[in-house]
Amino acid sequence: MPAQTPPANPDTGRMPALTGREIAAAHPTPPARILGLGVYRPRRVVTNEELCTFIDSTDEWIRARTGITQRRWAEPDETLTAMSVQAAAAALADAGIAASDVGCVVVATVTHLEQTPSIAALIAHQLGAVNAAAFDISAGCAGFCHAVALGRDMVQGGSARHVLVIGAERISDFIDRQDRTTAFIFGDGAGAVVIGPADRPGIGPVVWGADGSQYGVIGQTRDWKAFMDEPTGPRPFIQMSGQQVFRWASYEMVPVANRALQAAGITVDELDAFIPHQANMRIIDAMVKALKLPAGVPVARSIAELGNTSAASVPLAMEQMRRTGEAPSGGTALLIGFGAGLSYAAQVVTLP
Ligand SMILES: CC(C)(COP(=O)(O)OP(=O)(O)OC[C@H]1O[C@@H](n2cnc3c(N)ncnc32)[C@H](O)[C@@H]1OP(=O)(O)O)[C@@H](O)C(=O)NCCC(=O)NCCS
C-alpha cells in the first residue's frame with residue numbers, strides 16, 4: 001500500500017520527502033479515558049497555628065490571602081516513592097488493572113531529589129509493573145495535566161494500552177520553613193490515575209504551553225551548581241514572586257481553560273465539575289468568575305485542607321470531589337494545571 005503524503009511543514013511550506021519504507025502503525029488505536037483514581041495523603045496535619053511558630057504570620061492572614069487552613073507534610077517514612085506507590089496501587093485497584101498490564105508509568109514531580117535515575121523506574125519496580133516503560137516529567141504544578149495529555153496520546157497512538165500517571169510531591173523538603181513568602185502555601189501528597197482504552201473519547205485535546213520569559217518567577221533561591229561551588233551558604237529552596245504568579249494565573253489561565261473547553265466541544269454549563277490546580281483560593285475564585293461558571297457547577301477547593309501540593313493537587317482534588325459526592329463518576333470535568341515554567345496544561349475529562 002503506498003504511504004500517504006504527509007502535510008507540508010506549516011513554517012516552511014516544504015513537503016517532506018518520502019523515501020524510506022512504510023512503517024507499520026500501531027493498531028488498533030482506541031480512544032482513551034481515565035479508568036481509575038487513587039491518592040495518598042500524608043498523616044501529619046500542619047495547621048496554620050503550627051506554621052506560625054516558624055514564620056511571622058497569622059492564621060487570619062493565611063486564610064484571607066490563600067484560603068488555606070492546614071496542609072500535610074510527609075513524615076520520614078512517607079517518602080516520595082512510598083506515597084506514589086500507595087496512590088498508584090489504589091488507582092490500579094480502582095481501575096481493576098493489574099500492574100503487569102501497565103505499559104508506561106509517567107511521574108510528574110519536581111521534588112524527586114535525585115538527578116538520575118527517574119523515580120518512575122523505582123515506582124514501576126515496586127508496583128510490579130514489569131512490562132512498563134517509566135520516566136518522569138518536570139512541569140511544576142502543571143505536571144499532572146501534562147502527563148494526562150501524554151497518557152491519552154500514548155493510548156490513542158498505540159504506544160501503551162494502559163498508562164499509569166502519577167503526580168507526587170514532598171515539597172516540604174524543598175521549602176525554607178522560615179520563609180514567610182512560601183512556607184505556608186505548600187503541602188505534600190500523591191495522586192494517580194490509570195488511563196486506558198474506552199468506547200468513546202474520555203479525555204479531550206490538551207491546550208498547553210510554557211512562557212519561559214517568566215522562568216524565574218517560580219524557581220529556586222539558587223541553582224545546585226552555585227551551591228556546589230560554594231557549599232557554605234544555604235542550600236537551594238523554592239522561591240516565587242507571589243504577586244506575578246497571582247496575576248498570571250488569575251488572568252492568563254482563563255483563555256487557556258476556554259480553549260480546552262472549545263477543543264473538547266463542551267460549553268461551560270455542560271460541566272459537572274471544575275478542577276483547577278489548587279494554588280490559592282482567590283485564584284480559583286477569579287477563574288470561576290471570569291469563566292462565567294454557572295453557580296451549580298461544583299468547584300474543587302481542597303486547597304483549604306491540603307495547601308498547594310503542586311503536581312499532586314489535581315488528582316487529590318478530583319478524589320476528594322468523588323469521595324464526597326460533589327462530582328459524579330462519569331461526569332465531565334475541566335482540569336487545568338499551571339505553575340513553574342511558567343507552564344500550563346488544560347483538558348476536559350470524563351471523571352473515573
Ligand atoms: C503568596 C501570596 C499569598 C502573597 O499574597 P499577597 O497579597 O501577594 O502579599 P504581598 O506579597 O503583596 O504582601 C502583602 C503584605 O503582606 C505581608 N506578608 C507577606 N507574607 C506574609 C505572611 N506570610 N504573613 C503575614 N504577612 C505577610 C507583606 O510583608 C506585605 O506587607 P506590607 O503591605 O506591610 O508591605 C500571593 O501572592 C499568592 O498566592 N500568589 C500566588 C502564589 C502561588 O499560587 N504560587 C504557586 C503557583 S503554582
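This is a short walk around the ligand and one buried glutamine in a predicted model.

**Stop 1: the ligand and its shell.** Start by selecting the ligand and everything around it. You should get 23 surrounding residues, and the closest are Ser-57, Arg-65, Arg-180, Gln-243 and Asn-280. Try colouring that shell by residue type: eleven residues are nonpolar, eight are polar and four are charged.

**Stop 2: polar side chains.** Now show side chains as sticks. On Gln-243, an N or O atom of the side chain sits 2.4 Å from an oxygen atom of the ligand. Go next to Asn-280, where a polar side-chain atom is 2.6 Å from a ligand oxygen. Then pick Trp-61: here the partner is a nitrogen atom of the ligand, 3.3 Å from a polar side-chain atom. Switch on a surface if you like; on its own the ligand has 950 Å² of accessible area, and the protein covers 71% of that.

**Stop 3: where the shell comes from.** Back to cartoon view. Four elements each give two or more residues to the shell: α2 (59-66), α7 (242-264), α8 (281-291) and β12 (332-339). Of the shell, α7 supplies the largest share, with four residues. Colour by domain too, as domain 1 (32-197) and domain 2 (207-350) each contribute at least three residues.

**Stop 4: Gln-214.** Finally, select the loop between β8 (207-210) and β9 (218-220), and find Gln-214 in it. Is Gln-214 buried or exposed? Its relative accessible area is 16%, under the 20% cut-off, so Gln-214 counts as buried. Beyond its neighbours within four places in sequence, Gln-214 is in contact with Gln-244, Trp-248, Gly-341 and Leu-342.

Notes. Residues numbered from 1 in each chain as written. Predicted model: local features only at pLDDT ≥ 70, side-chain atom pairs only at ≥ 80, totals over all residues. Heavy atoms only, no water. Near = heavy atom within 4 Å. Polar contact = N/O pair within 3.5 Å; in protein donor to acceptor, adjacent residues only side chain to side chain. Areas by Shrake-Rupley, 256 points an atom, 1.4 Å probe, with all protein chains shown as cover. Nonpolar A, V, L, I, M, F, W, Y, C, P; charged D, E, K, R; others polar. Domains from an automatic or database assignment. Buried < 20%, exposed > 50% of the residue type's maximum accessible area, 1.4 Å probe, protein only. Contact = heavy atoms within 4.5 Å.
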